[in-house]
Amino acid sequence: MKATKRAQLYLSQPSLSQQMRALERELGVELLERGRHDPSRTPAGRVMLPHARHMLDAAQDVDAVRQVSENRLGDVHVLTVRSVASGVLPPSGARWHSLYPRPC
């Protein structure tokens, strides 16, 4: 696998290779054809790829739910009266935003 792809995974080549071999052992099938050049997907690897992408998307969805439960993501609704809205709320809102910046 090219260095740029490995860097995106934040894994070293030996670690990535180990994890791919472990997955292949668990599934009982080779997912990659390994040779002198970059590996290519086997027929089983081509079938597995969309399922793997779906699992990664689902994991991100679960992480978003976890962030909401930990109050790191979600909406804030404020009900206030005019005197608080003009005096207390702006600095409190600024402090809240500095503590919990919107995720990029």
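Read from the N terminus, the elements of the protein chain follow the order α-α-β-β-α-α-α. The chain thus described belongs to a predicted model, and its secondary structure amounts to five helices and two strands.

Burial and contacts were evaluated for the chain as a whole. Of its 104 residues, 8% count as buried, where the criterion for burial is a relative accessible area under 20%. The accessible surface of the protein chain was computed as about 9100 Å², and carbon and sulfur atoms account for 58% of this area. Among contacts between residues at least 6 apart in sequence, those joining residues at least 24 apart make up 11%.

Helix H3 was examined in further detail. This helix comprises 27 residues, spanning residues 43–69. Because a rise of 1.5 Å a residue predicts a span of 39 Å, the distance of 40 Å between the end C-alpha atoms of H3 agrees with expectation. The axis of H3 nevertheless carries a kink of about 30 degrees at Leu 49, a position shortly before the proline Pro 50. Just after H3, Asn 71 adopts a positive phi of about 60 degrees.

With respect to burial within this helix, the buried residues of H3 are Gly 45, Met 48 and Gln 67. The cover over these buried residues includes helix H2, which spans residues 13–27, and strand E2, formed by residues 40–41.

Note on methods: Residues are numbered from 1 along each chain as its sequence is written. This is a predicted model: local features need pLDDT of at least 70, side-chain atom pairs count only at pLDDT 80 or more; totals for chains, interfaces and linings use all residues. Side-chain values use heavy atoms; hydrogens and water are left out. Helices (H or I, at least four residues) and strands (E, at least two) are DSSP runs, numbered from the N terminus. The expected span of a helix is 1.5 Å times one less than its number of residues. The bend at a residue is the angle between axes fitted to the seven residues ending there and the seven starting there. Buried means under 20% relative accessible area, exposed over 50%, partly exposed in between (1.4 Å probe, protein chains only). Contact means heavy atoms within 4.5 Å. Accessible areas come from the Shrake-Rupley method with a 1.4 Å probe; for residues, only the protein chains shown count as cover.
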